[in-house]
Amino acid sequence: MIRVFQCEDTLTGILTGVYDAWDSRLGHEHVRLSTVCDGNLELFCEYVQTEPDTEKAEKVIRTIKRRMGEEAFEMIAYAASYPDDQKADAIYRMIVTGLHLPDGRQITGMLTHPQVRLVFELRRKAWHIAHRYMGFVRFRELENGVLFSEIDGEADVLALIAPHFADRLPLENWAVYDHRRQKAAVHISGKGWMILEDVDKEQLLEPGASAQEAEYEALWKVFHRAIGIQERTNGRLQMSLLPRKFRQFMNEFSCPEGRADRP
Amino acid sequence: MKYRIEQQMDLREKLGILADAAKYDVACTSSGVERKNTGYGVGNCIAPGICHSFSADGRCISLLKILFTNECIFDCKYCINRRSNDVPRASFTPQEVCDLVMGFYRRNYIEGLFLSSGILVSPDATMELLYQTLYKLRREYHFQGYIHVKAIPGADPVLIERTGYLADRMSVNLELPTAEGLRALAPQKQRPKMLAPIRQVYSERQQNRQELALYRHAPKFVPAGQSTQMIIGASGESDWQIMKVAEHMYRKYEMKRVFYSAFLRVNEDRLLPVLPGGPPLLREHRLYQADWLLRFYGFGTEELLSEDRPDFNLLLDPKCDWALRHLEQFPVEVMRADYHTLLRVPGIGYRSAGRIVRARRLGTLDYENLKKMGVVLKRAVYFITCGGKQMYPVKLQEDYILRNLMDGKEKLPAGARDTSGYEQLSLFDDPRFSV
Ligand code: SF4
């Protein structure tokens, strides 16, 4: 009999699952972690729900960092943000393997291990999305001074990009809204950031754009157009580097065709 | 009269003109410095840099790249802003540049500022304006994002020094790889004058490093280092001459980057060549690949080219080309070869080489593993064994490999593919290029 720990599809959820699975003392071969719960139950499996628990997750995080290093933790945090049915179990196996190594730090290079490799690949995918959003996020200034922006990524990257913007714009009030998940990273000037669930976007946008907003957007479009070398125009290359899915909220592409070279 | 016209010009028009005039500078990276915000300003820097958009030619937009002014007292033949050209002219004020930088940065349009300039009145007067602009940004606006600024050759070293304490990167474009080229096409620029600020920044960076070793909080001088740019194909130099200059820049002046820019004929001038295929993009691409080989793969120019063989083979990337001429050093056993030997295998990039070295300590590798680690087996297969075995039987024979490599179609960036196209290649910063 295998016990499947079903966890919420968040870092906290998965790490709580790791905690519970370990704590069950059933032996690693008798437990499995899963973030999917599509009612598709397998025979000879017993399913238990785990409730996300920050305290348990924190304990796991501390252990990972201490025994396997920051890099391993970063790898897990990024991988957890990417949609994949196998990731929770892969993270669990990676942690188990890492804790059994004489030097846990080596785990991040252990690419011959299939589950570590999956975590590695998911990390890479999520990192690409997060890193792109660090550049592609477009803040619009609202009348109340708040900087508002919107993203719509395959991976749940809010918590991965928020620290970057918090460091960059410490004195601003800003919000990054995740269209797909209806949640937002919100930053208060001089304080810090947090993730808010079930956010009402319209309410955030209530104040409307600031007086200067339209002018800066226009200036940005002027710049964006002027900086391209006409003789070397290459829409295909531009599209491959900046795929359409990212352009949705970028004002320099905010014309019907989504192309910058059209007025 | 002209002055009045400028007065009436609004910021959008100015920005249009001065961004357009700056677009031929290829350096747009914001890389090389890691800096957290102090908590009371705006901005930080991320070592690998961040792309904020891509322009219609497919180049990364990271910095607000502008000229302070496109007025110029010089008359460099290849330059759109030369004195003798009849183009609309404009100049910013330091305040306007600050407004643009802060407005754009807060909205996350940019990583920072790239500020270049034509020579207004004199090198000193121009440098002074650049300095004032940076001073205002850093001291009044507490801007902590990335700043790349030009050092104007011929300007007072004191001004250059002061500016260097406010900037992250400084650059002087060599433009033409040789003194002869410079004499022909940019008669007012002299080689020694252009090298002077490069040398100054280099030696002050050395000094600064010692100060920083003593006092951790000493102000930093040009922390992201220098870069430069050369135009390719305007004045008849060979690849060997170009790479020699680049190598010299890296070794002697610790240059962080040398950029290559395929010559684009923006002016009608009988001294400028007419290149039938348009800008030599494939050649530019080969130079970038070779540049990676110098910087990350431990190659020297002399290994790749020589006086008798002064140009790269356009049909083959420089690493494959080198490997084919050195078959006696292959095949390489992936489980045993050291890092530096792995680096020289076509199809193995420096990241995959690093991954191989780490992973093989913990287990035995097979070809599937290698593929997952980013090794391009299509190319590497001729040059490696893994656990003593070839992936499939291949001959270690020049013609045979060459034929197969050419069949396998190299993944060229769009635009470099056929030399007649005017398309742009752009992943300057992508190490995958030189795999
Ligand atoms: S000095 Fe610079 S701006 Fe002036 S003509 Fe020469 S290259 Fe152009």
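Here are some exercises with worked solutions on a predicted model with chains A and B.

**Exercise 1. Work out where Ser171(B) sits and what surrounds it.**

Step 1: Start with the secondary structure. Ser171(B) belongs to strand 6 of chain B, which covers residues 169-171.

Step 2: Is Ser171(B) buried or exposed? The cut-off for buried is under 20% relative accessible area. Ser171(B) has 1%, so it counts as buried.

Step 3: List the company it keeps. Skip the neighbours within four places in sequence, and Ser171(B) is in contact with His148(B), Val149(B), Lys150(B), Ala151(B) and Ser227(B).

Step 4: Pick out the polar partner. The side chains of Ser171(B) and Lys150(B) make a polar contact at 2.9 Å.

Step 5: Now try a pair that is far apart in the sequence. Met255(B) is 84 residues away from Ser171(B) along the chain, yet their C-alpha atoms are 9.3 Å apart in space.

**Exercise 2. Find the residues at the heart of the nonpolar packing, then follow Phe223(A) across to chain B.**

Step 1: Go to the largest nonpolar core, which has 204 residues. Which of them touch the most other members? They are Trp174(A) and Phe223(A) from chain A, plus Leu64(B), Ile66(B), Phe104(B), Tyr260(B) and Leu370(B) from chain B.

Step 2: Ask which element gives the most to this core. That's helix 2 of chain A (residues 54-80), with 13 residues.

Step 3: Zoom in on Phe223(A). Leaving out neighbours within four places in sequence, its contacts are Leu15(B), Ala19(B), Ile61(B), Leu63(B), Leu64(B), Lys65(B), Ile66(B) and Phe104(B).

Step 4: Don't miss the second core. It is separate, has 8 residues, and includes Phe148(A), Ala175(A), Tyr177(A) and Val186(A).

**Exercise 3. Describe how domain 1 and domain 2 of chain A meet.**

Step 1: Set the bounds. Chain A splits into domain 1 (2-126), domain 2 (137-210) and domain 3 (212-263).

Step 2: Place the two domains. The centres of domain 1 and domain 2 of chain A, taken over C-alpha atoms, are 29 Å apart.

Step 3: Count who touches whom. Domain 1 of chain A puts in 6 residues and domain 2 of chain A puts in 5.

Step 4: Put an area on it. The two domains of chain A bury about 470 Å² between them, and 62% of that is on carbon and sulfur atoms. On the domain 1 side, Tyr78(A), Ser81(A) and Tyr82(A) lose the most area, together 64% of what that side buries.

Step 5: Check the polar side of things. Across this interface there are 0 salt bridges and 1 residue pair in polar contact.

**Exercise 4. Do the same bookkeeping for the contact between chain A and chain B.**

Step 1: Begin with area. The size of an interface is often given as the accessible area lost when the parts come together. Between chain A and chain B that comes to about 5600 Å², with carbon and sulfur atoms giving 56%.

Step 2: How many residues does each chain bring? Chain A brings 61 residues and chain B brings 69.

Step 3: Look at charges and polar pairs. There are 7 salt bridges between the chains. One of them joins Glu141(A) to Arg106(B), with the closest N and O atoms 2.8 Å apart. Polar contacts add up to 29 residue pairs.

Step 4: Name the elements. On the side of chain A that touches chain B, helix 4 (114-136), helix 5 (158-168), helix 7 (213-226) and helix 8 (235-241) each give two or more residues. Helix 7 of chain A has the largest share, with 11 residues.

**Exercise 5. Track down some unusual backbone geometry in chain B.**

Step 1: Recall the usual case. Most residues other than glycine have a negative phi, and most peptide bonds are trans.

Step 2: Find the cis bond. It runs from Phe330(B) to Pro331(B), with omega near 0 degrees. Pro331(B) is in the loop between helix 11 (318-324) and strand 9 (332-333) of chain B.

Step 3: Turn to phi. Glu175(B) is not a glycine, but its phi is positive, about 60 degrees. This residue lies in the loop between strand 6 and helix 6 (179-185) of chain B. Its relative accessibility is 12%, so Glu175(B) counts as buried.

Step 4: Set Glu254(B) beside it. Here phi is also positive, about 50 degrees, and the residue lies in the loop between helix 8 (239-253) and strand 8 (257-262) of chain B. With a relative accessible area of 28%, Glu254(B) is partly exposed.

Notes: Residues are numbered from 1 along each chain as its sequence is written. Chains are lettered from A and ligands numbered from 1 in the order in which they are written. This is a predicted model: local features need pLDDT of at least 70, side-chain atom pairs count only at pLDDT 80 or more; totals for chains, interfaces and linings use all residues. Side-chain values use heavy atoms; hydrogens and water are left out. Helices (H or I, at least four residues) and strands (E, at least two) are DSSP runs, numbered from the N terminus. Buried means under 20% relative accessible area, exposed over 50%, partly exposed in between (1.4 Å probe, protein chains only). Contact means heavy atoms within 4.5 Å. A polar contact is a pair of N or O atoms within 3.5 Å; within protein, one must be able to donate a hydrogen and the other to accept it, and residues adjacent in sequence count only if both atoms are side-chain atoms. A nonpolar core is a set of buried Ala, Val, Leu, Ile, Met, Phe, Trp, Tyr and Cys residues joined through side-chain atoms within 4.5 Å. Domain bounds come from an automatic or database domain assignment. Buried area is the accessible area (1.4 Å probe) that two parts lose on being put together, summed over both. A salt bridge is a side-chain nitrogen of Lys or Arg within 4 Å of a carboxyl oxygen of Asp or Glu.
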